[in-house]
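User: I am new to this structure and would like a close look at one part of it, taken slowly and with each term explained as it comes up. Please choose a part that can be followed residue by residue.

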Amino acid sequence: MFTSPAHGIARGRALNSALSYVRCQMDGMNSESAECICDRTRQKILCRSCGQTFTGRVRRRCSSHPNEIHLMDFEMCPYCKAPCTQLKEFGDLKKN
Ligand SMILES: [Zn+2]
Ligand SMILES: [Zn+2]
């Protein structure tokens, strides 16, 4: 008599799906820690160089999508042309 291998296969499948579930969870955590900033909302921006505030997003490289370029984002202060290192985003407009 041979023993049915079905048991072993079923167990293998369960293990596989458990693994892929874990992998899925890890991917979720990774993309969260990598922090995709592509979809972030417009913020209030303070220029530390001239003190002006305006609304928008400071151009930053998304660590998840380093090749994305967001043309609407501010690369410099529109008032004094200070580089984006002088621009500070503060406050989420939607949450306020
Ligand atoms: Zn992104
Ligand atoms: Zn400025």
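Analyst: What follows is a walk from the whole chain to the strands and then to the loop that leads into the last strand. This is a predicted model, in which local features need pLDDT of at least 70 and side-chain atom pairs count only at pLDDT 80 or more, while totals for chains, interfaces and linings use all residues. Residues are numbered from 1 along each chain as its sequence is written, and chains are lettered from A and ligands numbered from 1 in the order in which they are written.

The secondary structure comes to one helix and three strands, where helices (H or I, at least four residues) and strands (E, at least two) are DSSP runs numbered from the N terminus. Read from the N terminus on, the elements run α-β-β-β. The pLDDT, which is the predictor's confidence in each residue from 0 to 100, averages 79 over the chain, and 60% of the residues score at least 70. Among the elements, helix α1 (residues 6-34) has the lowest mean pLDDT, 58, whereas β2 has the highest, 96.

Strand β1 (residues 43-47) and strand β2 (residues 53-56) run antiparallel and are joined by four bridges; two strands pair if DSSP finds at least two bridges between them. Within this pairing, Ile-45 has Phe-54 of β2 as its bridge partner. Five residues lie between the two strands of the hairpin, and in this hairpin Gly-51 takes a positive phi near 85 degrees.

Strand β3 (residues 87-92) holds Glu-89. Although Glu-89 and Ile-45 are 44 residues apart along the chain, their C-alpha atoms are separated by 4.4 Å. Two residues are in contact if their C-beta atoms, placed from the backbone, lie within 7 Å, and, leaving aside neighbours within four places in sequence, Glu-89 is in contact with Gln-43, Ile-45, Arg-57 and Val-58. A residue is buried if 20 or more other C-beta atoms, placed from the backbone, lie within 10 Å of its own, exposed if 12 or fewer, and partly exposed in between. Glu-89 counts as partly exposed because it has 17 C-beta neighbours inside 10 Å.

Val-58, one of those contacts of Glu-89, lies in the loop between β2 and β3. Val-58 is partly exposed because 19 other C-beta atoms lie within 10 Å. Again leaving aside neighbours within four places in sequence, the contacts of Val-58 are Ile-45, Asp-73, Phe-74, Cys-84, Leu-87 and Glu-89. The C-alpha atoms of Val-58 and Met-72, which are 14 residues apart along the chain, are separated by 9.1 Å.

Further along, Lys-81 is also found in the loop between β2 and β3, and Lys-81 is exposed because 12 other C-beta atoms lie within 10 Å. Lys-81 has a positive phi of about 60 degrees although it is not a glycine. Most residues other than glycine have a negative phi. Thr-85 is found in the loop between β2 and β3 too, and Thr-85 is exposed because it has 10 other C-beta atoms within 10 Å. From Thr-85 to Arg-48, 37 residues apart in sequence, the C-alpha to C-alpha distance is 9.0 Å.

For the chain as a whole, 4% of its 96 residues count as buried. Of the contacts with a separation of 6 or more, 61% are between residues 24 or more positions apart.
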